[in-house]
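Hello,

As promised, here is the structure we talked about. My notes on what turned up in it follow below the entry.

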Protein chains: 2
Amino acid sequence: MRASDRAYRTLREDILQGTLEPGTVLGEIEQSARLGISRTPLREALGRLVADGLAAPSAGRGMVVTAASLADAGKLFDLRIALEVLAVRRAAETAADDPAAHDRFADLAGTFDRAISPLSQGADPTDYYALTQELDLAVDSSCGNAYLADSLRGVRVHLARLRRLSRHSPARLAETAREHAAIARAIADGNPELAAAATVVHLQQALAHLRTDPDSTTPPPDAVTDPGRSYTAPLKETTA
Amino acid sequence: MRASDRAYRTLREDILQGTLEPGTVLGEIEQSARLGISRTPLREALGRLVADGLAAPSAGRGMVVTAASLADAGKLFDLRIALEVLAVRRAAETAADDPAAHDRFADLAGTFDRAISPLSQGADPTDYYALTQELDLAVDSSCGNAYLADSLRGVRVHLARLRRLSRHSPARLAETAREHAAIARAIADGNPELAAAATVVHLQQALAHLRTDPDSTTPPPDAVTDPGRSYTAPLKETTA
DNA sequence: AATCACCCGTGTGTATACAGTGATCCTATG
DNA sequence: CATAGGATCACTGTATACACACGGGTGATT
């Protein structure tokens, strides 16, 4: 594997897991030394992090890890709902015609069902997170729209950071498993409307729980507020 | 300005305008020589093009300009409609409270109105395209959602390529101006539902005209079908 | 004492040199 | 004559060296 890929994955993981806190300066020399590579591939990795919105150039200080604020979680979910609803609609339409897709989502629904009970009893949610990701992947590929899957990917990166900001009680985890099962089953049944509604329910619940969570950690004072990809925004004028 | 920025803008423009046709191999040495810069900043520019979906690495041949096919225009518009509808809804909500936003869209609506007649008589559409872009920008900033604006930016890049594939008759141009005026006015009036509906009308019409256009140029045989950002897709598994 | 100017240091942006890998073409053999 | 194997070549990926720009700090001057 390329050194730049390794650097990208490592840095991304470190940012998402909070090892590199928001506001941390990602000096090229420092980071290239830490990762045991030269500055060239590291710069490429940093560029991809900027495109992802996980880092932003700060004048004179170099790259800085952006803040994952609960403040604009609403904005993020607003977009997420629109995208996921569209995706599950299309996935359901696919599953209605394609037996293989149907089976895939039916299996997922069953697996989610079986996960509910253990989760409510405080089981380790690691496997469950992997399962969730598997559902996302199934939706992405079944929706038959690479552009859509791509946009969702960008959103999910930021969601992964928000997830760390809240504590998940066993009760809530079991609830989300039920919601996921409902979504998967609706898709398997080839019912776009139901799948869309189930998705809205799930995401609204997720947002509500995110907001009511007492664990609202405040970002470090010098953290970049939220750049989105504002760094590339000035180039918009050349789109014409 | 940085050399890598210049290279990015130039290459992007060349791809969008068709100077660099789909399937063209973007050799690092060749392009860096053409643009008068070294390989390092060029590589950064190529990386951004890949992130935009305008280029994709082809095993052994280097970077290749991706194809802008009418084939998946439907996919693109599926996503575009979802995003733009959400954006104009939020923009209308903003305009309902913010007089400055109201005025901005009211002005735009008027300008679009005045553009209808000249366009129907075959006037140069260059100014009109700039006006359209201005509306996009106004929606982006007024929707109050950087994430959404960002996703829209990614979509619009591909749309800019599709636009080149079809001829616009004066009649159709005047029609789009009318549709744009309707959207701007609905936003100015603070009417989210009307803005959303007007947007759906406009985009469905645009897609229909794109498809019925006789000018369906076939992409070069060795063009990359459509990568989306499939290059970065394998990394999705680390999102968890 | 406060402010301005100059110097120094750090860090990014760019260029170039080097190495590794993959593809293509030619040759030899079945 | 076709196919397989190897060698050559060109390209990407990485490393390093250099130039420039921005900040910070310190000193002198008002």
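I'll begin with one of the cavities. In the lining of the second largest cavity, α6(A) provides the largest share, with four residues. Helices here are DSSP runs (H or I, at least four residues), numbered from the N terminus. A cavity is a set of points, on a 1 Å grid over the protein atoms alone, where a 1.4 Å probe fits but cannot get out, and its lining residues have an atom within 4 Å of a point.

Before going further, some housekeeping. This is a predicted model, in which local features need pLDDT of at least 70 and side-chain atom pairs count only at pLDDT 80 or more, while totals for chains, interfaces and linings use all residues. Residues are numbered from 1 along each chain as its sequence is written, chains are lettered from A and ligands numbered from 1 in the order in which they are written, and side-chain values use heavy atoms, with hydrogens and water left out.

**The cavity**

Rolling a probe the size of a water molecule over the atoms shows where empty space is left. The search gives four cavities of 30 Å³ or more, and the second largest holds about 100 Å³. A volume here is the space filled by probe spheres set on the grid points, which are joined across faces, edges and corners. The elements that contribute two or more residues to the lining of this second largest cavity are α4 (73-97), α6 (126-142), α8 (170-188) and α9 (192-212) of chain A. Among the lining residues are Arg80(A), Glu84(A), Asp136(A), Arg156(A), His180(A) and His202(A). By type, the lining divides into four nonpolar, four polar and four charged residues. For that split, Ala, Val, Leu, Ile, Met, Phe, Trp, Tyr, Cys and Pro count as nonpolar, Asp, Glu, Lys and Arg as charged, and the others, Gly among them, as polar.

In chain B, His202(B) belongs to helix α9 (residues 192-212). His202(B) is buried, at 7% relative accessibility (buried means under 20% relative accessible area, exposed over 50%, partly exposed in between, with a 1.4 Å probe and protein chains only). The side chains of His202(B) and His180(B) make a polar contact of 3.2 Å. Such a contact is a pair of N or O atoms within 3.5 Å; within protein, one must be able to donate a hydrogen and the other to accept it, and residues adjacent in sequence count only if both atoms are side-chain atoms.

**The DNA strands**

There are 15 residues around DNA strand C, and Arg39(A), Arg43(A), Ala3(B), Ser38(B) and Thr40(B) come nearest (a residue is near a strand if one of its heavy atoms lies within 4 Å of it). Of the strand C atoms within 4 Å of the protein, 53% belong to sugar or phosphate and the rest to bases. Backbone atoms reach phosphate oxygens of strand C at 2.3 Å from Ala3(B) and at 2.8 Å from Ser38(B). The largest share of the surface near strand C, three residues, comes from α3(B). That surface divides into four nonpolar, six polar and five charged residues.

Around DNA strand D there are 13 residues, of which Arg2(A), Ala3(A), Ser38(A), Thr40(A) and Arg39(B) come nearest. Sugar and phosphate make up 54% of the strand D atoms that come within 4 Å of the protein. A polar side-chain atom of Thr40(A) lies 3.0 Å from a base nitrogen of strand D, whereas one of Arg43(B) lies 3.1 Å from a phosphate oxygen. α3(A) gives the most to the surface near strand D, with three residues.

**Aromatic pairs**

Over all chains, four aromatic pairs were found. Rings of Phe, Tyr and Trp (its six-membered ring) pair if their centres lie within 6.5 Å; planes under 30 degrees apart count as stacked, over 60 as edge-to-face and the rest as tilted. Phe112(A) and Tyr128(A) form an edge-to-face pair, 6.0 Å centre to centre with 85° between the planes. Phe112(A) lies in helix α5 (residues 99-120) of chain A and Tyr128(A) in helix α6 of chain A, so the pair ties together parts that are 16 residues apart in sequence. Phe112(A) is buried at 0% relative accessibility, and Tyr128(A) is buried at 5%. Ring pairs also link Phe112(A), Tyr128(A) and Tyr129(A) into a cluster.

Best wishes

Note on methods: 1 Å grid on protein atoms, 1.4 Å probe; cavity = no way out; pocket = protein on both sides within 12 Å on 5 of 7 lines; lining within 4 Å.
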